[in-house]
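Student: Please take one part of this model and go through it closely. I would like the charged pairs, and then what surrounds them.

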Amino acid sequence: MRGFRAIRRCHEQMWLWLAAMHWTTTVATAAFIPLPSLMRWSVAGMRRLTGRQRALAGAWSGTPVEAPPRPPGPKGEPPIGLAARWKWLLNDPQDVRGWRWTAVHSLPAGLLACVPLSFVLYGLYGLFLAAFGPALSARGGRSWEGSLWYTGFEVTDGTTAGLAAVGAALIGAAGLAMAPAVMDLHSRLVRSALTPSDQELMAARIAHLAATRSDAVDTSAAELRRIERDLHDGAQARLVAMGMTLDAAEHLMRRDPEEAAKLLAEARASSSAALKELRDLVRGIHPPVLADRGLADAVRSLALLSPLDAEVTVDLPARPEPPVESAVYFAVAETVTNAAKHADGAERLWIDIGYDPARPALRVSVTDDGRGGADPARGSGLAGIERRLATFDGVMVVHSPAGGPTQISMEVPCALSSPKTTSC
């Protein structure tokens with residue numbers, strides 16, 4: 001069975017090799033012809049080819065072939081000058097490695113993958129000759145003379161057909177037997193050619209942390225401005241008005257006690273409204289249920305308030321660290337709100353929260369039965385969720401095909417800090 005899987009992989013690698021050879025010609029053309037769209041297209045195509053190569057090698061070997069995180073396409077417009085174009089094409093060490101694989105390493109790797117595939121195809125050809133060779137020789141006469149040879153003898157009768165069948169079976173079996181070892185070697189070649197160095201991984205990691213830190217600073221500054229605006233426009237204005245009302249009541253206390261009593265009642269109502277606004281503001285910063293009961297009950301409270309029929313499943317042996325818990329809570333809250341507002345035709349919602357101790361990481365999945373079509377690239381709230389999770393090295397994956405359902409999966413690396421206080 002593994003041999004047949006390996007042969008299928010060899011077939012895929014052969015087509016990847018042919019695509020890489022074609023892409024080498026495209027890149028060479030793009031490097032000498034100042035067409036910006038062609039250059040961007042060639043870079044994006046090379047990255048897709050190498051990404052597919054990494055995915056196949058990782059799937060076969062069971063160990064992913066690492067690549068540093070980066071945007072899907074090159075930044076900036078390609079320059080016009082020849083030297084500047086070459087510099088633009090080779091400005092990323094990972095792209096240099098991809099070009100080297102596409103133009104040079106893919107040739108021996110592709111030929112290596114073709115060896116067991118050639119054995120199997122030659123074996124199939126032998127079986128074809130064993131089945132139809134004698135009949136073709138008898139009917140065709142001289143028209144088939146010299147074209148029915150297989151492994152040193154001509155297939156013209158039952159004896160030679162039997163020999164051809166045996167030889168074809170042995171050759172095909174040899175191809176199947178060598179295919180797994182060839183694919184193992186091919187995966188090692190891909191890993192050695194496309195795996196970035198430790199310095200590149202560290203540089204990419206530093207750049208990623210710098211970007212997420214910048215996003216975290218911007219988010220914190222925006223949140224502080226929102227709190228300041230809410231306090232200034234809400235509670236502060238009410239407290240100022242209440243002070244003025246109390247001052248007026250103080251002046252009216254002796255001359256008109258009834259009017260003063262009305263002003264005091266108005267001041268009491270203003271204080272109650274200001275207190276409610278302050279509580280709402282604090283709840284928006286850190287909900288009390290999250291602080292008191294943990295993530296599980298906080299998410300259940302979100303589900304109860306959702307207009308969709310929500311089902312929550314939580315499997316947490318303990319509570320995550322408070323910053324991670326807060327980030328995941330607000331990410332789930334934003335996701336639930338988006339599903340209620342934008343999920344076309346959605347009626348039900350499933351929220352699953354679990355913990356993977358092997359990584360270790362907190363995993364969350366939010367699924368609705370709407371018609372799909374969610375895309376973080378369209379500037380929706382999903383991009384904000386992604387930035388929020390990236391602060392903690394978290395990732396978000398959106399799977400929303402046309403027709404639905406939409407599944408948003410989130411994963412945040414974390415350690416569980418405190419014992420479980422609620423039933424999950």
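Tutor: Arg348 has a relative accessibility of 33%, so Arg348 counts as partly exposed. The model is a predicted one. Glu311 is partly exposed too, at 38% relative accessible area. Arg348 and Glu311 form a salt bridge, with their closest N and O atoms 3.4 Å apart. This pair links distant parts of the chain. Arg348 belongs to strand S5 (residues 348-356) and Glu311 to strand S3 (residues 309-315). The two residues are 37 apart in sequence.

A second bridge joins two other strands. Glu411 pairs with Arg363, and here the closest N and O atoms are 2.8 Å apart. Glu411 sits in strand S8 (residues 406-413) and Arg363 in strand S6 (residues 361-368), so this bridge ties together parts 48 residues apart in sequence. Which partner is buried, and which is partly exposed? Glu411 is the buried partner, because its relative accessible area is 16% and buried means under 20%. Arg363 has 38% and is therefore partly exposed.

Now the third bridge. Asp297 forms a salt bridge with Arg293, with 3.1 Å between the closest N and O atoms. Asp297 is buried, at a relative accessible area of 14%. Arg293 is partly exposed, at 43%. The pair does not stand alone: Arg293, Asp297 and Arg300 are linked in a network of salt bridges. Side chains of opposite charge can pair when their charged atoms come close. A search of the whole structure gives 7 salt bridges.

Asp297 leads on to helix H9, residues 295-305. The buried residues of H9 are Leu295, Ala296, Asp297, Ala298, Val299, Leu302 and Ala303. What do they pack against? The partners are helix H8 (288-293), strand S3, helix H10 (322-342), and strands S5 and S6. S3 and S5 are the strands that hold Glu311 and Arg348. S6 is the strand that holds Arg363. So the strands of the two bridges described above include packing partners of H9.

Helix H10 deserves its own look. Glu325 lies in H10. Its relative accessible area is 2%, so Glu325 is buried. What does Glu325 touch beyond its neighbours within four places in sequence? The contacts are Leu290, Gly294, Leu295, Arg319 and Pro320. Leu295 is also one of the buried residues of H9.

Tyr329 and Phe330 come next. Both are buried. The structure holds 3 aromatic pairs. In one of them, the ring centres of Tyr329 and Phe330 are 5.2 Å apart and the planes stand at 75°, so the pair is edge-to-face. A pair of aromatic rings is described by the distance of the centres and the angle of the planes.

Away from this part, aromatic side chains also occur on the surface. Tyr122, Tyr125, Phe128 and Phe132 make a nonpolar surface patch of about 390 Å². Phe128 is in helix H4 (residues 93-140). At 41% relative accessibility, Phe128 counts as partly exposed.

Helix H2 (residues 36-61) offers a buried residue, Leu56. Leu56 has 4% relative accessibility. Leaving aside neighbours within four places in sequence, Leu56 is in contact with Arg9, Glu12, Gln13 and Leu16. Leu56 and Glu12 are 44 residues apart in sequence, with 8.9 Å from C-alpha to C-alpha.

Cysteines need a brief word. The count of disulfides is 0. Cys114 is buried at 14% relative accessible area. Cys414 is buried as well, at 8% relative accessibility.

Last, the chain as a whole. There are 11 helices and 9 strands. Of the 424 residues, 37% count as buried. Among contacts with a separation of 6 or more, 71% come from residues 24 or more positions apart. The accessible surface of the chain is about 23,500 Å², and 62% of that belongs to carbon and sulfur atoms.

Terms used. Residues are numbered from 1 along each chain as its sequence is written. This is a predicted model: local features need pLDDT of at least 70, side-chain atom pairs count only at pLDDT 80 or more; totals for chains, interfaces and linings use all residues. Side-chain values use heavy atoms; hydrogens and water are left out. Rings of Phe, Tyr and Trp (its six-membered ring) pair if their centres lie within 6.5 Å; planes under 30 degrees apart count as stacked, over 60 as edge-to-face and the rest as tilted. Buried means under 20% relative accessible area, exposed over 50%, partly exposed in between (1.4 Å probe, protein chains only). Patches are made of residues with over 30% relative accessible area and no salt bridge: like charges are joined within 9 Å, nonpolar side chains (Val, Leu, Ile, Met, Phe, Trp, Tyr) within 5 Å. Accessible areas come from the Shrake-Rupley method with a 1.4 Å probe; for residues, only the protein chains shown count as cover. A salt bridge is a side-chain nitrogen of Lys or Arg within 4 Å of a carboxyl oxygen of Asp or Glu. Helices (H or I, at least four residues) and strands (E, at least two) are DSSP runs, numbered from the N terminus. A disulfide is a pair of cysteine sulfur atoms within 2.5 Å. Contact means heavy atoms within 4.5 Å.
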